[in-house]
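Have a look at the model below, and then let's walk through a few spots in it. We'll begin with a single loop residue and work our way to the C-terminal helices.

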Amino acid sequence: MSSQISQQYAYRAQKTLGLVGGSPDYIPIQGFEAPDVPARTYVYSADGRFFAYALPNVVRIYQAEGAQLLQELPLANIVEIGFSPRGTYLSTWERPVKKDDGTQHKNHRIFSASTGNELISFTQKSQTDFDVQYTFSESHAIRLVNSEIQVYRPAEWEKGVVDKLKVEGASMVRLSPGLNPSVAVFVGEKKGAPASIKIHPLISLSSPPTCQKNFYKADRATIKWNTLGTQVLLLTHTEVDNSNKSYYGETGLYLLSAAGNFDCRVVLDKEGPIHDFAWSPGSKEFGVVYGLVDLHSPKQPGDEGKERLFSLQFSSSEFPRWDERRGLGTVLSISSRLSKWVDEATPPYMPAKTTLFDQRVRTLHDFGSAPHNFIAFNPQGRLIALAGFGNLAGKMDVFDRKTLTKVTTIDAPNTSHCEWSPCGRFLLTATLSPRLRVDNGIKIWHCTGSLQHVQAIEELYQASWRPTPIDSAPPFGQGLPQAPAPAESVKEQVEKPQAVKAAGAYRPPGARGLATPAIFKREDEGGVSRVPTPGGGGVQRGYNRSPGSVPGAPGYGQNGKKVVPGAAQQQGQGQGQGQGGQGGQQGEGKKRKGKGKKELDALQVNGGTQSPRRNGKGGGGSAVQSGAATPVVVEEEKVPVTPATPATPGVDGALDALAKKMRNLNKKLKAIDELKEKARRGERLEATQLKKMEGEEEIKKELASLGWAP
């Protein structure tokens with residue numbers, strides 16, 4: 001079978017709802033009529049046979065293949081819907097309301113998908129995890145009600161609860177897949193009592209748990225079973241970090257076996273939060289994305305609240321994008337007294353680290369550090385996608401699990417949702433509202449990196465693949481499949497390039513067109529390692545806020561004085577202020593009228609190299625400690641400064657028109673050389689940048705006509 005297996009995906013926007021066929025054509029499914037009113041939600045059944053969506057006054061069920069209408073349920077105000085694993089039952093949820101007669105509003109109802117008859121109803125206040133959990137065979141279903149686990153038999157809903165288990169303080173339950181299902185129950189930490197997780201076999205729920213573990217620092221949790229239902233991963237969260245290292249609390253990861261023969265904490269070699277984790281479809285290994293840059297050197301007095309504020313402004317996945325090129329950040333809505341501390345800090349959560357573990361928590365492979373916060377295995381377990389979404393740049397790396405080598409890097413900025421296709425050969429990325437209300441749409445990529453399909457959709461809310469049994473997809477061979485030809489939508493986008501806003505960090509005008517100093521780069525980009533200074537009081541940075549001290553920055557080597565590149569220096573500039581002090585000394589005198597004449601006289605004697613002391617500290621480039629000996633200033637021989645470009649007489653040293661024109665043309669050539677370098681590195685250029693590169697020959701001809709020789 002060809003790798004061009006047809007897939008289907010669905011999308012829901014403010015004004016439309018659609019079903020689209022897969023590779024290679026990506027055309028709408030014939031026979032499906034979009035509703036004339038906005039849909040509130042849609043869902044596929046787990047086996048991919050059915051598709052249903054909810055309108056304000058009706059719920060419709062379709063056969064996914066061919067889009068044939070099967071059932072139409074006259075239900076109003078439905079907000080959520082869901083199918084059982086085999087598509088036998090359809091669950092609906094609406095917002096609870098108070099009834100006039102005082103009876104409870106049973107807002108969670110279960111219907112037969114084939115007949116449309118209502119089978120049972122419950123009162124369910126929470127919209128999160130509203131539906132009952134079914135076993136794979138649909139022989140049993142469970143739900144958590146007031147710390148009590150209730151068990152039903154879907155074939156006999158009318159009999160009600162057939163088994164139950166009371167677990168005091170239980171806040172979450174997860175039913176495992178597989179032939180021998182188990183129930184994992186989580187109890188959060190409360191009033192000094194430790195948190196715990198217990199695993200009970202479903203067939204004997206009231207018997208003692210087969211596995212149990214207690215731990216602290218766990219207010220809530222995320223539970224993920226492997227595909228076989230033999231092991232479970234538990235990610236714990238705390239609301240508050242008592243060590244004051246993170247505004248978002250602490251995280252921990254634990255692995256437990258349903259049989260009770262193994263349980264342990266997953267020890268990670270980098271401190272920091274756990275961004276994401278996922279099981280491999282083979283159930284024998286899992287990947288974890290975790291870690292932060294070590295910023296927590298010994299605190300200084302008054303620093304107690306700074307780390308919490310900093311983490312609030314620069315979370316890895318929710319807050320404004322970090323200036324990765326310069327290492328500096330601009331934060332709005334912060335107090336002015338802490339803005340300087342935030343500006344000079346380093347982002348604490350990126351780059352993260354990704355590690356692959358086996359089922360006994362032994363390290364299988366270290367993918368290294370990179371700006372990632374998302375991990376996903378394809379359904380066959382052959383490929384692994386590592387990406388950085390949220391406020392990260394949207395770079396997505398695809399690795400071959402067989403060789404543990406990188407296959408490709410995909411640039412998918414502003415992605416809100418990412419999902420592997422059931423055949424494991426394509427990735428769907430979508431930009432959704434309200435996360436972003438512009439540039440909404442769907443892109444489909446081949447696993448080798450090529451863009452296959454683009455669909456722009458205004459105000460897109462939801463997008464997903466149609467589930468397909470893994471047996472229906474062809475297996476992977478020794479090598480990866482070749483990418484099919486892109487769809488017409490991609491060709492149209494290439495033929496009509498749109499101007500793309502320049503991505504990346506803001507750079508002030510004086511720093512544009514210059515190479516980024518290594519001190520401002522991240523460690524994974526070849527930058528200087530930011531590690532705490534042994535015995536010091538902070539992180540070793542090797543730079544200060546003065547632009548004159550940064551290699552490669554404008555004015556480097558000018559003692560912090562502002563110098564306009566290319567402009568002629570005035571007489572006496574760069575020689576101190578000892579030649580009468582008409583500029584700086586008179587200004588100093590005006591600012592410090594109360595200081596007296598003696599200090600100004602001392603300035604003239606010392607050649608203008610020291611400013612009057614303020615609060616025990618000297619002004620200018622260096623501070624003189626109170627009580628320290630005054631250094632002896634030795635004047636060096638003044639060397640006259642020759643202007644770089646001959647000045648036209650009578651114009652006060654300004655450049656003549658010819659020299660200015662040659663300088664501007666040289667700047668354009670330099671900018672074109674930088675664009676060529678970006679193109680050689682494979683970076684995407686805008687249409688205006690490509691047009692600028694085309695004018696290189698004309699600029700060189702104009703320079704030659706002006707008498708310029710390279």
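Ser147 counts as buried, at 15% relative accessibility; buried here means under 20% relative accessible area, exposed over 50%, and partly exposed in between, with a 1.4 Å probe and protein chains only. A word on what we're looking at: this is a predicted model, where local features need pLDDT of at least 70, side-chain atom pairs count only at pLDDT 80 or more, and totals for chains, interfaces and linings use all residues. Residues are numbered from 1 along each chain as its sequence is written, and side-chain values use heavy atoms, with hydrogens and water left out.

**The loop around Ser147**

Ser147 sits in the loop between S12 and S13. Strands like these (E, at least two residues) and helices (H or I, at least four) are DSSP runs, numbered from the N terminus. Which residues does Ser147 touch, not counting those up to four places away in sequence? They are Leu165, Lys166, Val167, Glu168, Gly169 and Ala170, where contact means heavy atoms within 4.5 Å. Ser147 also has Val187 at 9.3 Å, C-alpha to C-alpha, although 40 residues separate the two in sequence.

Asn146 is in that loop too, between strand S12 (141-145) and strand S13 (148-152). Unlike buried Ser147, Asn146 is exposed, at 67% relative accessibility. Its backbone deserves a glance: Asn146 isn't a glycine, but its phi is positive, about 50°.

**Other backbone oddities**

Lys191 does something similar, with a positive phi near 55° in a residue other than glycine. You'll find Lys191 in the loop between strand S16 (182-187) and strand S17 (195-201), exposed with a relative accessible area of 82%.

Then there are the cis peptide bonds. One joins Ser23 and Pro24, with omega about 5°, and Pro24 is in the loop between strand S2 (17-21) and strand S3 (41-44). Another joins Ser433 and Pro434, with omega about 0°; Pro434 belongs to the loop between strand S32 (426-431) and strand S33 (441-446).

A bit further along is Ala456, in strand S34 (residues 451-456). Is Ala456 buried or exposed? Exposed, with a relative accessible area of 72%. Beyond its sequence neighbours up to four places away, Ala456 touches Asn440 and Gly441. Thr431 is 25 residues from Ala456 in sequence and 9.5 Å from it in space, C-alpha to C-alpha.

**The whole chain**

Stepping back, the chain has eight helices and 35 strands. Of its 710 residues, 44% are buried. Among contacts with a separation of 6 or more, 48% are between residues 24 or more positions apart.

**Helix H6 and its partners**

H6 covers residues 657-680, which is 24 residues, and runs 35 Å from its first C-alpha to its last, close to the expected 34 Å; that expected span is 1.5 Å times one less than the number of residues. Just after H6 comes Gly682, with a positive phi near 90°.

The buried residues of H6 are Ala659, Met662, Leu665, Leu669, Ile672 and Leu675. An α-helix has 3.6 residues a turn, so residues three or four places apart point the same way. What covers the buried residues of H6 includes helix H7 (687-694) and helix H8 (696-705).

Two packed helices are described by the angle between their axes and the distance between the axes. The axes here are lines fitted to C-alpha atoms, over the stretch in contact for helices, and angles run from 0 to 180 degrees between N-to-C directions.

| Pair | Axes come within | Crossing angle |
|---|---|---|
| H6 and H8 | 10 Å | roughly 150° |
| H6 and H7 | 10 Å | roughly 120° |

The H6 and H8 axes cross at roughly 150°. That makes H6 roughly antiparallel to H8, as angles under 35 degrees count as roughly parallel, over 145 as roughly antiparallel, 65 to 115 as roughly perpendicular and the rest as oblique. On the H6 side, the residues meeting H8 include Met662, Leu665, Leu669 and Ile672, and on the H8 side Ile699 and Leu703 are among them.

For H6 and H7, the axes cross at roughly 120°. That makes H6 oblique to H7. Here Ile672, Leu675 and Lys676 of H6 meet Gln689, Lys692 and Met693 of H7.
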